[in-house]
Amino acid sequence: MTITTLAGQALTSGAIDATGSAARFKHLSGVALDNNGNIYVADTDNETIRQVTTAGVVTTLAGTVGTAGSTNGTGTAAKFNGPTGVAVDQAGNVFVADTLNHTIRQISSAGAVITRAGLVGTPGSADDDPSTRVPAGAARFSGPQGVAFDQTTDSIYIADTNNHTIRVMSLATGKVATVAGLAGSPGSADGVGSAARFNYPSDLAVDRLGNVYVADTDNNTVRVISANGEVRTLAGFAGSTGAADGIGTAARFSHPSALAVDSSLNVYVLDSDHHTIRRIASAAGTVTTTAGLAGTSGSADGTGTAARFNEPTGIAQASTGEFYIADTNNFTLREGVFPGAPVITAQPQSASVTAGATVQFFVTATGQPAPTYQWMQNGAAISGATSSTLTLSSVQVLNSGQYTVVVTNASGSVTSNAATLTVTSPNPGGGVNGGGGGGGAPGWFFYAALAALGLARWIRSHRNR
């Protein structure tokens, strides 16, 4: 994995909204993305939720910098108290594990904050089930740190850290239930529902099948909860720290704090105390280190072991493949990609048109980092033609030829198949007759010739008088 810094300045804290290295954070933690690619970060010690574009433009969505509280409101009128986890639903609402308030908050796309579950300043473990006459608003949490959205059930899963449990909240009904673990009973047992045990779980991720992955932080393991509530240990060995890669229980972690899962069901783990990103392969449970060097903190950009982190605690993956990492003690938001040369998945197609028409050529390509484009006509670069679409307006015969596009990124380049553009002149509306041949009405030149002949005869006749 290749790591770059998207926003913030290493080891320089603050609360500045700006672009790239001019922006400032203060111990940011959870990370989530919406369907438009916007990145949301829990800026924990600033008591705010920040929004970051893929270009690194940072703004404050909600909360007041440096002012802890529990007030609902819009934008800076809202208050948080040590927010750590964030998740985004299909509608673009941001859910926040407001840890020190023991609540789950919701932020609309306009920045309006409400409390969805829990009671401020009142830790507990009670579930809330309106269908069984448990009073609405009865749910209680104790220092929740992680939240994850499950689109298969339209629910929010919650790592209720100090209760050592995994909870779920239905967005439709508001019902809160305990999925696994037993409140107040830490442990490491696999099992179903309340027979399972966790030890200060801090984050979750949900795959496309509805399986829930848990960073079981103080057990130094990664757990998975199936749809029937059965908990098993995916990787790591409870009570044993380390940095060893390996399969299942042969692997070792040191306080894993955050998770992301990709469409192929590979799980990415922030192994915080070792300052690394680990990957658990979906098929065999094989753990490898993809970025960072175990036991070596820093802030260097680079690929694989050349990259450095400083206790990262938040990770999310975009649909386009990029990872975004909250590098907590560096006060930065990092970006990670697996380099891959461009691959053209849809070639430009040939076209035949009449002069004056508008023509468009398209290409579709994949690759990491995101590729760039350069269109060519008959092998020569077309100035300014640098997107995946080439538009030619009011084409003429001289625009005819072979069109290709060169797709490039840091890992290589590829040239598309040639698309042929044929441009024909419009029909002038009448034929031109030459010598010979026959049939049809005389052309205009015939009448012109007769007129000229008549004029010549008139001139000769007048000269002889």
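Contact here means heavy atoms within 4.5 Å. With that in place, take Leu-390. Leaving out residues up to four places away in sequence, Leu-390 touches Val-359, Gln-360, Phe-361, Trp-375, Ile-382, Ala-385 and Tyr-403. I will come back to that residue in a moment. The model is a predicted one, and everything I say today is computed from it.

First, the overall picture. The chain holds one helix and 38 strands. Its C-alpha atoms fill a box of roughly 130 × 45 × 45 Å along the principal axes. The radius of gyration is 33 Å, whereas a compact globule of 465 residues would come out near 23 Å. Of the 465 residues, 48% count as buried. On contact order: take the contacts between residues at least 6 apart in sequence, and 46% of them join residues at least 24 apart.

Now back to Leu-390 and the cores. The largest nonpolar core has 18 residues, and Leu-390 is among those that touch the most other members, together with Phe-361, Trp-375, Leu-392 and Leu-421. Which elements give two or more residues to this core? They are strand 31 (359-362), strand 33 (372-377), strand 35 (389-392), strand 36 (401-409) and strand 38 (419-424). There is also a second, separate core, of 17 residues, which includes Ala-7, Leu-28, Val-31 and Leu-33.

Next, two of the sheets. Strands in a sheet pair through backbone hydrogen bonds, either parallel or antiparallel. One open sheet has five strands in the order 20-24-23-22-21, with antiparallel pairing. Strand 20 (246-247) and strand 21 (256-261) stand at its edges; each has a single partner strand, so one side of each is left without a neighbour in the sheet. Strand 20 is joined to strand 24 (residues 286-291) by two bridges, and the two run antiparallel. For anyone following the register, Gly-246 stands opposite Val-287 in strand 24.

The other open sheet has four strands in the order 11-12-13-14, and its pairing is antiparallel. Its edge strands, strand 11 (146-150) and strand 14 (176-180), each pair on one side only. The twist from one strand to the next averages 30°. Inside this sheet, six bridges join strand 12 (residues 155-160) to strand 13 (residues 165-170), and these two run antiparallel. Here Ala-159 stands opposite Ile-166 in strand 13.

On to the aromatic rings. With ring centres required to lie within 6.5 Å, the count is five aromatic pairs. One of them is Tyr-268 with Phe-338: the ring centres are 6.0 Å apart and the planes are at 45°, so this pair is tilted. It links distant parts of the chain, 70 residues apart, with Tyr-268 in strand 22 (residues 267-271) and Phe-338 in the loop between strand 28 (332-337) and strand 29 (340-346). Strand 22, you will recall, belongs to the five-strand sheet.

Are these two rings' residues buried or partly exposed? Tyr-268 is buried, at 2% relative accessible area. Phe-338 is partly exposed, at 26%.

Phe-338 has another partner, Phe-323. Those ring centres are 6.1 Å apart and the planes are at 85°, so this pair is edge-to-face. Phe-323 lies in strand 27 (residues 323-327), and this pair spans 15 residues of sequence. Phe-323 is buried, with a relative accessible area of 1%. Taken together, the ring pairs link Tyr-268, Phe-323 and Phe-338 into a cluster.

Last, a glycine. Where does Gly-111 sit? It is in the loop between strand 9 (103-107) and strand 10 (112-117). Although in a loop, Gly-111 has 0% relative accessibility, so it counts as buried. Setting aside neighbours within four places in sequence, Gly-111 is in contact with Leu-61, Ala-62, Gly-73, Thr-74 and Gly-75. As a distance across the model, the C-alpha atoms of Gly-111 and Thr-389 are separated by 35 Å, and the two residues are 278 apart along the chain. Thr-389 falls in strand 35 (389-392), one of the strands that give two or more residues to the largest core.

That is the tour.

Key: Residues are numbered from 1 along each chain as its sequence is written. This is a predicted model: local features need pLDDT of at least 70, side-chain atom pairs count only at pLDDT 80 or more; totals for chains, interfaces and linings use all residues. Side-chain values use heavy atoms; hydrogens and water are left out. Rings of Phe, Tyr and Trp (its six-membered ring) pair if their centres lie within 6.5 Å; planes under 30 degrees apart count as stacked, over 60 as edge-to-face and the rest as tilted. Buried means under 20% relative accessible area, exposed over 50%, partly exposed in between (1.4 Å probe, protein chains only). Two strands pair if DSSP finds at least two bridges between them. Axes are lines fitted to C-alpha atoms, for helices over the stretch in contact, and angles run from 0 to 180 degrees between N-to-C directions. A nonpolar core is a set of buried Ala, Val, Leu, Ile, Met, Phe, Trp, Tyr and Cys residues joined through side-chain atoms within 4.5 Å. The radius of gyration is taken over C-alpha atoms; the globule rule is 2.2 Å times the number of residues to the power 0.38.
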